[in-house]
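Okay, thanks everyone, let's get started. I'd like to walk you through one chain today, charges to begin with and then the greasy parts. Please have a look at the screen.

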Amino acid sequence: MKNYNTQQRTALLDFLKGRNGGYVAMSEISMGMGGLARSTLYRLVGRLEEEGLLESAMVGGSKCYAYRPEECHAHLHMTCSVCGRCIHLDEEESRKLKNLLRNDTGFELDVFSSVLIGTCMECRA
């Protein structure tokens, strides 16, 4: 299926890029996108997730979405449960953790779909 860069799609991507990798709930996306119908938002978000541009995760009991460019597919992301900040784990460190899990448990971690939730240094201070 061909991907069209509609004004709505571009506006949604710009909104999510402006969140600097942080996860955003659909309610916040809806408020940030103004008068765009929720059905249109859900359709756009679904397409962007299928294309690998968005990543979804359960954060605080809600399904949330974050923009993930191609260069983010090779490393893990850590999200602060207090401020929502996204921290990109170094690719080599991500690989070490993935290998540790595989060797110790036999579990194959999907780096792109995995998010580590915790508290960042600034929020702990």
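I'll go through some salt bridges and then the nonpolar cores. Keep in mind that what you see is a predicted model.

So, how many salt bridges are there? The count comes to nine. I'll pick out a few.

Start with arginine 68 and glutamate 55, whose closest N and O atoms are 3.1 Å apart. Arginine 68 sits in the loop between strand 3 and strand 4, while glutamate 55 is in strand 2, 13 residues away. Buried or exposed, what would you guess for arginine 68? Well, arginine 68 has 0% relative accessibility, and the cut-off for buried is under 20%, so arginine 68 counts as buried. Its partner, glutamate 55, is buried too, at 2%.

Next up is arginine 85 with glutamate 122, and there the closest N and O atoms are 2.9 Å apart. Arginine 85 is in the loop between strand 4 and strand 5, and glutamate 122 is in helix 5, so this bridge ties together parts that are 37 residues apart in sequence. As for the surface, arginine 85 is partly exposed at 39%, and glutamate 122 is exposed at 51%.

Then there's lysine 98 and glutamate 108, with 3.3 Å between the closest N and O atoms. Lysine 98 belongs to helix 4, and glutamate 108 lies in the loop between helix 4 and strand 6, ten residues apart. Lysine 98 comes out partly exposed, with 23% relative accessibility, and glutamate 108 is partly exposed as well, with 43%. One more on charges: Glu91, Glu92 and Arg95 are joined into one network by salt bridges that share partners.

Okay, on to the greasy side. In soluble globular proteins, nonpolar side chains tend to be buried together. Here, the largest nonpolar core has 15 residues, and the members touching the most others are Leu12, Leu16, Ile29 and Leu41. Which elements feed into this core? Helix 1, helix 2, helix 3 and strand 3 each supply at least two residues. Helix 3 gives the most, with four.

Let's zoom in on leucine 41. Leaving aside residues up to four places away in sequence, leucine 41 touches Leu12, Met26, Ile29, Ser30, Met33 and Leu36.

And apart from the largest core there's another one, of six residues, including Tyr23, Ala25, Cys64 and Val115.

That's my tour, happy to take questions.

Technical notes: Residues are numbered from 1 along each chain as its sequence is written. This is a predicted model: local features need pLDDT of at least 70, side-chain atom pairs count only at pLDDT 80 or more; totals for chains, interfaces and linings use all residues. Side-chain values use heavy atoms; hydrogens and water are left out. A salt bridge is a side-chain nitrogen of Lys or Arg within 4 Å of a carboxyl oxygen of Asp or Glu. Buried means under 20% relative accessible area, exposed over 50%, partly exposed in between (1.4 Å probe, protein chains only). A nonpolar core is a set of buried Ala, Val, Leu, Ile, Met, Phe, Trp, Tyr and Cys residues joined through side-chain atoms within 4.5 Å. Contact means heavy atoms within 4.5 Å.
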